[in-house]
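Here are my comments on the model you asked me to look over. They are set out as numbered points, going from the whole chain to single residues.

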Amino acid sequence: MPPTVMNEAAAQVDARAGKYLTFHLGSEEFGVRVLKVREIMGIQDITAVPQTPRHVKGVINLRGKVIPVIDLRLKFGLPGAEYTQRTCIIVAQVQGESGAIQMGVIVDGVSEVLNLSGAEIEDTPDFGEDAAGQYLLGMAKVKGKVKILLDFDRVLSGQELHGLKEMLH
């Protein structure tokens, strides 16, 4: 392999290194860049919005700002679960088509903040065209376990977000 190709690959891996907030959905562990996270809050009253996809739970009032909330379990096609004391909303800043917006993401529980090096992150295996691979930054190997690193901009983008934004303005 020519040195330039290897250096480019190494640079790409290193770009993914950094701090990640880890959380779980069922038995699976996920991570998202800490830079995307604005705050973490307990579950609260969510105002349902008619005619939205099933995973869009509605909106919350966050210090006078209305932000949409999605249930990540439902977004990923997992069965819904009862909300518990550990269930929380991660408020994330995501890049939409028309700029940065805040979204709430319901997860089963937050675990820890990990500082991942490039060596701990592997590329995502190819799951085929329609699979969730489009949402993934990579796979982190930490203490013998695999954590799935998500690209929140991709997870929380697309038509549904566009439609919500229109509705909120």
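The points below concern a predicted model, and they take up the overall make-up, the sheet, the cores and a few individual residues.

1. Overall make-up. The protein chain contains four helices and 11 strands, and of its 169 residues 40% are buried. If one takes the contacts between residues at least 6 apart in sequence, 55% of them join residues at least 24 apart. The accessible surface of the chain amounts to about 9600 Å², and carbon and sulfur atoms account for 52% of that surface.

2. The open sheet. Five strands make up an open sheet with mixed pairing, and their order is β3-β6-β7-β5-β4. The edges are held by β3 (37-42) and β4 (56-62), each of which has a single partner strand, so one side of each has no neighbour in the sheet. On average, and with direction ignored, neighbouring strands of this sheet are turned by 35 degrees against each other.

3. The β4-β5 pair. The edge strand β4 runs antiparallel to β5 (residues 65-71), and six bridges join the two. Within this pair, V56 stands opposite I70 of β5.

4. The turn residue R63. In the loop between β4 and β5 one finds R63, whose phi is positive, at about 50 degrees, although the residue is not a glycine. Its relative accessibility is 68%, and because the cut-off for exposed is over 50%, R63 counts as exposed. When inspecting the connection between these two strands, I would look at this backbone angle.

5. The nonpolar cores. The largest nonpolar core comprises 25 residues, and F23, L72, V107, L150, F152 and L156 are those with the most contacts inside it. Two or more residues of this core come from each of β1 (18-25), β2 (28-33), β6 (88-96), β7 (99-107), β10 (136-142), β11 (145-150) and α3 (152-155). Another core, of eight residues, lies apart from it and includes M41, L62, I67 and I106. As background, nonpolar side chains in soluble globular proteins tend to be buried together.

6. A buried lysine. Is K147, in strand β11, buried or exposed? With a relative accessibility of 7%, K147 falls under the 20% cut-off and therefore counts as buried. Leaving aside residues up to four places away in sequence, K147 touches T22, E29, L114, G138, M139, A140 and V142. From C-alpha to C-alpha, K147 and G31 are 6.5 Å apart in space, whereas 116 residues separate them in sequence.

7. The loop before β11. K143 belongs to the loop between β10 and β11, and its phi is near 50 degrees, which is a positive value in a residue other than glycine. At 73% relative accessibility, K143 counts as exposed, whereas K147 in β11 counts as buried.

Technical notes:
Residues are numbered from 1 along each chain as its sequence is written. This is a predicted model: local features need pLDDT of at least 70, side-chain atom pairs count only at pLDDT 80 or more; totals for chains, interfaces and linings use all residues. Side-chain values use heavy atoms; hydrogens and water are left out. A nonpolar core is a set of buried Ala, Val, Leu, Ile, Met, Phe, Trp, Tyr and Cys residues joined through side-chain atoms within 4.5 Å. Buried means under 20% relative accessible area, exposed over 50%, partly exposed in between (1.4 Å probe, protein chains only). Two strands pair if DSSP finds at least two bridges between them. Axes are lines fitted to C-alpha atoms, for helices over the stretch in contact, and angles run from 0 to 180 degrees between N-to-C directions. Contact means heavy atoms within 4.5 Å. Accessible areas come from the Shrake-Rupley method with a 1.4 Å probe; for residues, only the protein chains shown count as cover.
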